[in-house]
Amino acid sequence: MNTAEFLTITASIVPDRVALVDPGGSCTYGELQIRVYRMAHAFKDLGLGKGHNVGVMAVNSAEFVELYYASAIVGATFVPLNYRAKTEELTYMIDAASVNVLFISERYQSLLDEIRPDISRVEHVYALDFASDGYPSIGDLRERGSDDPIFAETEEEDASLVIYTSGTTALPKGVVLTHKALSAYVLNTQNPADPVGEREINLVAVPLFHIAGATQMIGPIFSGRTLTILPQFEPAAWLEAVERESVTHAFLVPTMLKRIMEVDGFVSHDISSLQNITYGAAPMPFEVVRQAIDVFECGLMNAYGQTESTSTMTFLGPDDHRLDGTDEENEMTIKRLRSVGRPMPDIDVGILGPDGGELPSGEPGEICIRGERIMREYQGREEETADAIQGDWLHTGDVGYLDADSYLFITGRLKDLIIRGGENIAPAEIEQVLEDHDAVSEAAVIGMPDVDWGEVVVAIVVGSGASDDELTDFVKTHLASYKAPARYEWVDELPRNVMGKVLKNDLRDQFVPAESS
């Protein structure tokens, strides 16, 4: 089905329920549907349809959601752009995705002006939140359209979204997600709108150009929830929004959760409306989740997923975060808190060895998945698509193992694997041990070329109060001695992307001598 139908269904059931709230105001589901119809007619008048692409370079807003559904209705593909990307990356993304119409917010006008000569495929540019002599406004475009219902013929395998993954060693890759993949995600993970149920309110603070944000535009809409949209994440503003809007559900990345708990006056905010906080998109330090269990009086859920899998593949539910059982039960919970939970009902998870065969429980290998919602392709990259999708399996590039109860434990990335003297070392297990030391708040582990061993372990740590030798002794009490770092670098903070993932290539550039790399 076309994902635009999720809005149509909800608008027909609960037209008077508030759909979107942002700093610009609010609108009901009925009003949102009309805005979407008008925009879709305006798109059609511009000649947009199947095979065309609508780009957005802006912070989160209600218009972002409107543009996604208008694009879906006419069969166009929606391309949310990471506005924090470098100029070269943005030029590449806009050109590679063949964006025909681009919407921008005011803060990125100068950036667009800089790259405009290099993005000749863009035929129209519209201003989202400002008036400009150079660009007509989204309001002007919307007013040109009719509010009559409109639908285009689309196929399940047609692209609905292209989301670019972060580029580390190369330019970003465009992940093509179809109407089928997104529909499978929504129908298998969300309940439809309840006309008489208590209104649930989602707080959207993650960027809508990320898969964790993009799915917020779809799943909660089908569920009839209200989306309270923050333009960008700011800890105090997040707490104020929860209190002001009586937010019930939220998604956060670990660094966001940590910063919220560090806000001065945190305990003075009334966040009792919260029913569930989902966290994911980056590894969660154990001490942070342990603190969150004590601080937040609501359900917590860990979601592990990728853009290529249309979001969540496994989850660790609220019951797996409870520490109010017997000593034996709590010990098991503490162990499982280091996992990312069990597979979603519609996803098969397999741990595959180098020969492609499935490995038994407890044995680490590459985490692979199969199901209806894996990506169609990396746009324009046939070889990389063939490497990622082999048979029915999507190869995630993550390394981990399943325990006897099917809880998934991630131990690192294939590309980050350190091979010391022929022994494979997963950085994540060393990072977890280091972060268990009282003197270390965060740790990142990388490999450095070595003449004698091939590679040795280097630990970049945030914290104070311990010597290198003390940390080495601590690691050796928990892990095999060859896994202990040969070198430590103490820093004030680790470099991270917008979703909180540690940028290990930046660390390699900083700490690995150029002549040895």
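Trainee: Which residues of helix α12 (residues 286-295) are buried?

Mentor: F286, V288, V289, A292 and I293. "Buried" means under 20% relative accessible area, against over 50% for exposed and partly exposed in between, using a 1.4 Å probe and protein chains only. Helices are DSSP runs of H or I with at least four residues, strands are E runs of at least two, and both are numbered from the N terminus.

Trainee: Before we go on, what kind of model is this?

Mentor: It's a predicted one, where local features need pLDDT of at least 70 and side-chain atom pairs count only at pLDDT 80 or more, while totals for chains, interfaces and linings use all residues. Residues are numbered from 1 along each chain as its sequence is written, and side-chain values use heavy atoms, with hydrogens and water left out.

Trainee: Back to α12. How do you know where its buried residues sit around the axis?

Mentor: Look at the arc, taken from the directions from the helix axis to the C-beta atoms. The buried residues span only 165°, so they are on the same side of α12. Their cover includes α11 (254-261), β12 (276-280), β13 (299-306) and α13 (327-336); the test is contact, meaning heavy atoms within 4.5 Å.

Trainee: What makes strand β3 (residues 53-57) largely enclosed?

Mentor: Five of its five residues are buried, so the rest of the structure largely encloses β3. In a regular strand, side chains alternate between the two faces of the sheet. Here N53, G55 and M57 are buried on one side, and V54 and V56 are buried on the other.

Trainee: Why do β3 and strand β4 (residues 77-80) count as paired?

Mentor: Pairing needs at least two bridges found by DSSP. β3 and β4 have four, in the parallel sense, so they count as paired. One partnership to look for joins V56 to P80 in β4.

Trainee: And what is the handedness of the crossover from β3 to β4?

Mentor: The chain goes from β3 through helix α3 (residues 62-74) to β4, and this β-α-β crossover is right-handed. That name applies if the path from the first strand over the helix to the second runs clockwise, with the strands pointing away from the viewer.

Trainee: In what sense does β3 pair with strand β5 (residues 101-104)?

Mentor: Parallel, over four bridges. M57 stands opposite I104 in β5.

Trainee: What makes a group of residues a nonpolar core?

Mentor: The members must be buried Ala, Val, Leu, Ile, Met, Phe, Trp, Tyr or Cys, joined through side-chain atoms within 4.5 Å. The largest such core has 74 residues, and L20, F43, L67, Y69, F78, F103 and M217 touch the most other members. Helix α3 gives the most to this core, with 10 residues. Take F103: leaving out residues up to four places away in sequence, its contacts include F43, V54, L67, Y126 and I138. Another core, of 41 residues, lies apart and has Y279, A281, M284 and F286 among its members.

Trainee: What is the strand order in the open three-strand sheet?

Mentor: The order is β24-β25-β26, with mixed pairing. β24 (440-450) and β26 (487-491) are the edge strands, each pairing on one side only. On average, neighbouring strands here are turned by 25° against each other, direction ignored. Axes are lines fitted to C-alpha atoms, for helices over the stretch in contact, and angles run from 0 to 180 degrees between N-to-C directions.

Trainee: Which helix runs at about 145° to β24?

Mentor: Helix α15 (residues 427-435), which lies across β24, β25 and β26. Helix α17 (residues 504-511) also packs on the sheet, its direction making about 60° with that of β24.

Trainee: Now single residues. Is I115 buried or exposed?

Mentor: Its relative accessible area is 1%, so I115 is buried. I115 belongs to helix α5 (residues 109-115) and, beyond its neighbours within four places in sequence, contacts T87, L90, T91 and I94.

Trainee: How do you know which class S311 and S406 fall into?

Mentor: S311, in strand β14 (residues 311-316), has 10% relative accessibility, so S311 is buried. S406 sits in the loop between β20 (393-402) and β21 (408-413), and its 35% makes S406 partly exposed. Neither is a glycine, yet phi is positive: near 80° for S311 and about 70° for S406.
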